[in-house]
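Welcome to a short guided tour. Keep your viewer open, have the selection tool ready, and follow along one stop at a time.

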Amino acid sequence: MENITILGQEARKLIKEGVDLVANAVKVTLGAKGMNVICVRDMLLPRITKDGVSVAKEVSGNNPLVNAGASMVKQVAHATNEAAGDGTSSSTVLTQAIVQESYDLLNEGANAISLQRGLLKALDFSIKHIQKLSVKSKSKKTLTSIANISSNGDKEITDLVVHAISKVGKNGTIKVEQVEQTESFVSIAEGYEIESPYVDSKFITDERNYTSELKDVNVIVYDGRILDGSEMFKAINLSSTEDAETPMFNGLLVICNSVDHTVQKEIAEYHRRGFNFMNINSPSFGGRRAETLKDIATILGATYLSQDRGDKLENITLEDLGHVDKVISDANKTTLFGGKGDKEKIKERVSVVTEQIKTVVGGKKEKEHARERLSKLKSGIAVINVGGLSKVARAEKEDRVEDALCAIRATLEEGFVAGEGVTYISVAQALKTAKIEVKNKDEQKGIEVLIRALYAPFKQILTNAGLDPEKHLKAIETQLYGLGVDLDEDKIINLFELNIIDPTKVSRLALQNSVDISSTFLSTGAITYNELSPFSNPVNL
């Protein structure tokens with residue numbers, strides 16, 4: 001079975017077609033006046049969204065070779081979304097611009113590797129310049145402005161997100177859920193978020209979101225390893241009792257350091273048979289792990305059991321088991337809702353952790369870890385309940401709530417810069433005069449590729465607002481940093497005075513990821529595919 005190889009310019013043309021396919025759908029969502037995209041899906045309700053990564057996921061062509069290019073943009077959107085939760089449309093627009101500029105130069109005979117080196121040198125300078133422009137702030141006014149921009153100017157969403165952050169703090173746990181009612185609201189629940197995912201994909205109960213959910217289950221908190229399934233028999237019986245004098249529960253969550261592979265199979269079999277049974281690994285290591293498990297046990301009303309102390313699961317009692325109303329576990333973490341811990345014992349544990357912060361050894365990271373534990377103990381979980389007239393409307397609103405929430409967290413981490421794509425123009429202006437050492441003309445062309453591409457987000461934002469980007473560009477380039485355009489009145493304004501700002505982390509990662517994936521385009525010299533493919537003559541597609 002022979003593979004066909006497409007070389008050089010034709011290979012790059014196919015990749016570029018895929019990049020354009022996704023980017024053209026995503027870029028209409030960019031900015032305060034960006035538009036929604038309706039994603040029509042087989043056997044599912046259509047999804048209406050302004051979320052760049054959600055749009056990118058739904059776009060594909062009939063040609064798998066073009067889809068290879070489309071996957072590049074999807075990777076950019078996904079990487080930016082995973083790290084920052086926002087900025088996916090900006091990173092997509094930047095990627096398309098870099099690919100277009102590079103494509104033209106490559107067709108003119110520029111050396112791909114030299115262009116790539118120049119592009120990476122320009123990126124290094126650009127990231128440092130963005131960090132210099134960044135302003136740190138934790139004020140409610142700043143966070144409100146960030147949420148308002150990310151939610152597309154929706155005051156209801158802005159108020160919900162800012163309220164949730166104020167309740168649990170920047171390190172607190174905030175979940176977003178849809179509710180079948182018209183009003184949206186924030187609720188606070190006892191609970192805890194653990195940086196441990198489900199350990200077996202067989203536990204997944206929601207195939208669409210790749211999550212596992214259990215309700216009304218007992219919990220074992222065990223600082224040890226389970227080597228034999230018989231160790232859990234008593235806990236299983238206690239968690240499925242039908243004795244009218246004691247509560248009847250329908251499942252069990254085991255939080256322990258690890259289980260033997262044969263035990264893992266037994267747990268998965270229980271789960272398959274309908275018993276709500278799941279295990280997750282203990283978070284962290286060493287002393288951190290023991291203290292974190294004690295925190296969790298207190299929140300859930302469980303006894304902290306330790307293998308090192310000689311505690312045996314065979315001797316467990318109903319009083320040793322904690323209880324939780326709901327468990328949601330995904331590929332990254334597990335969230336416990338509605339722990340049944342005694343409030344006085346939780347207060348005592350808060351006092352213990354407060355003292356640990358004062359006496360902790362091991363430096364800044366250990367102290368910060370203790371502070372995070374304290375925040376989780378004190379704050380519980382904030383749940384943003386998203387309501388709406390229909391399931392489609394609730395899903396669209398949920399996307400904007402998630403974007404606003406992630407934008408605020410990003411701002412708390414690294415600060416903010418001017419919005420509307422103006423920061424990228426400032427970077428481009430600095431690059432024009434920067435003394436970056438290059439080895440040849442093509443490396444310099446790589447720097448110029450990024451300079452031209454950095455204008456793309458600003459131009460797209462104004463285009464989406466029905467304005468002429470060139471009208472005010474000279475003023476933006478040559479006058480004080482922070483000037484932008486009023487999208488309603490088409491006039492120059494001070495973005496900082498009106499709080500039109502973007503999280504530094506989002507701006508940085510959008511640029512970083514777009515350059516990173518565009519470098520793949522520059523280093524691609526061929527595409528191979530099987531000759532039996534229905535697309536055996538892609539040149540004519």
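**Stop 1: the second largest pocket**

Select G31, A32, I149, S150 and D502: of the 45 residues that line the second largest pocket, these lie nearest its centre. As you look around, keep in mind that this is a predicted model. The second largest pocket holds about 940 Å³ of space.

Now widen the selection to see which parts of the chain build the lining. Helix 4 (88–107), helix 6 (140–150), helix 13 (391–414), helix 14 (422–433), helix 16 (456–464) and helix 18 (504–522) each give at least two residues to it. Strand 15 (483–486) and strand 17 (501–503) each do so as well. Which element supplies the largest share of the lining? That is helix 6, with 6 residues. Try colouring the lining by class: you should find 16 nonpolar, 19 polar and 10 charged residues.

**Stop 2: helix 9**

Next, select residues 261–272, which form helix 9. From the first C-alpha to the last, this 12-residue helix reaches 17 Å, close to the 16 Å expected at 1.5 Å a residue.

Which residues of helix 9 are buried? Highlight V263, Q264, I267, A268 and H271. They sit on the same side of helix 9, because they cover an arc of only 140 degrees around the axis. A general rule helps here: an α-helix has 3.6 residues a turn, so residues three or four places apart point the same way.

To see what covers the buried residues of helix 9, show strand 7 (212–226), strand 8 (251–259) and strand 9 (276–281), which are among the elements that do so. Then turn to the other side of helix 9, where K265 and R272 are exposed. Just past this helix comes G274, whose phi is positive, near 105 degrees.

**Stop 3: two aspartates with positive phi**

Most residues other than glycine have a negative phi. With that in mind, pick D216 in strand 7. The phi of D216 is near 55 degrees, a positive value in a residue other than glycine. D216 is partly exposed, with a relative accessible area of 33%.

Then jump to D490, in the loop between strand 15 and strand 16 (491–494). Its phi is also positive, near 55 degrees. D490 counts as partly exposed, at 21% relative accessibility, because partly exposed begins where buried, under 20%, ends.

**Stop 4: helix 12**

Select residues 364–379 for helix 12. Its 16 residues should span 22 Å at 1.5 Å a residue, and the end C-alpha atoms are indeed 22 Å apart.

Highlight the buried residues of helix 12: H369, A370, R373, L374, S375, K376, L377 and S379. What covers them? Show helix 7 (155–168), helix 10 (286–300) and helix 11 (343–359), then strand 5 (185–189), strand 6 (191–194) and strand 13 (381–386); the cover includes each of these. Just after helix 12, G380 takes a positive phi of about 70 degrees.

**Stop 5: F285**

For the last stop, find F285 in the loop between strand 9 and helix 10. Is F285 buried or exposed? F285 is exposed, with a relative accessible area of 68%. To finish, draw a distance between the C-alpha atoms of F285 and I236: these residues are 49 apart in sequence and 27 Å apart in space.

Note on methods:
Residues numbered from 1 in each chain as written. Predicted model: local features only at pLDDT ≥ 70, side-chain atom pairs only at ≥ 80, totals over all residues. Heavy atoms only, no water. 1 Å grid on protein atoms, 1.4 Å probe; cavity = no way out; pocket = protein on both sides within 12 Å on 5 of 7 lines; lining within 4 Å. Points joined across faces, edges and corners; volume = space filled by probe spheres on them. Helix = DSSP H or I, 4+ residues; strand = E, 2+ residues; numbered from the N terminus. Nonpolar A, V, L, I, M, F, W, Y, C, P; charged D, E, K, R; others polar. Expected span 1.5 Å × (residues − 1). Buried < 20%, exposed > 50% of the residue type's maximum accessible area, 1.4 Å probe, protein only. Arc of directions from axis to C-beta. Contact = heavy atoms within 4.5 Å.
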